[in-house]
Amino acid sequence: MRKTRSLCLAALTILVSCGAVLAAEASRPMHVAQAEAAKIFHGVGTITGIDAASGALTINHGAIPGLMEAMEMPYEAKPAKLLEGLKIGDKVDFAVDGKTLMILEVRKHAP
Ligand SMILES: [Cu+2]
């Protein structure tokens with residue numbers, strides 16, 4: 001009985017501290033959230049897929065410091081016009097919005 005009670009107390013403590021973190025998150029000033037939304041990251045990788053219809057580009061890329069580790073994943077490009085002139089196997093530099101993960105710029109490496 002006593003043991004059950006202390007477990008409940010432990011669970012309660014965890015809930016309370018999570019709540020405090022969420023509250024701190026919510027009270028951050030708006031301009032901080034906006035600055036994060038506009039943060040642009042740069043990656044280098046190889047195009048492994050192009051979907052012109054949806055404007056998506058799949059890139060096998062190295063680590064993007066501060067955003068994600070090395071991986072292969074699809075990104076939406078905005079505008080989709082960015083896909084013009086690109087083909088599978090191209091090595092590219094790209095700029096990606098850290099919040100939406102939209103590709104905003106793609107530059108093909110010189111051959
Ligand atoms: Cu990723």
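A residue is called buried if 20 or more other C-beta atoms lie within 10 Å of its own, exposed if 12 or fewer do, and partly exposed in between, with the C-beta atoms placed from the backbone. The structure above is a predicted model, in which local features need pLDDT of at least 70 and side-chain atom pairs count only at pLDDT 80 or more, while totals for chains, interfaces and linings use all residues. Residues are numbered from 1 along each chain as its sequence is written.

The centre of this account is an open sheet of 5 strands, with antiparallel pairing and the order 3-2-1-4-5. Strands here are DSSP runs (E, at least two residues), numbered from the N terminus, and two of them pair if DSSP finds at least two bridges between them. At the edges lie strand 3 (71-76) and strand 5 (103-108), each of which pairs on one side only. From one strand to the next, the twist averages 40°, where angles run from 0 to 180 degrees between the N-to-C directions of axes, which are lines fitted to C-alpha atoms.

Strand 1 (residues 40-51) runs antiparallel to strand 2, and 6 bridges join the two; I50, for instance, has L57 in strand 2 as its bridge partner. In the hairpin that these strands form, 4 residues stand between them, and G55 takes a positive phi near 70°.

Strand 2 (residues 56-61) is also joined by 6 bridges to strand 3, again in an antiparallel manner. Here T58 has P74 as its bridge partner, and I59 stands opposite M73. Along strand 2 the side chains alternate, so that L57, I59 and H61 point to one face and are buried, whereas A56, T58 and N60 point to the other and are not.
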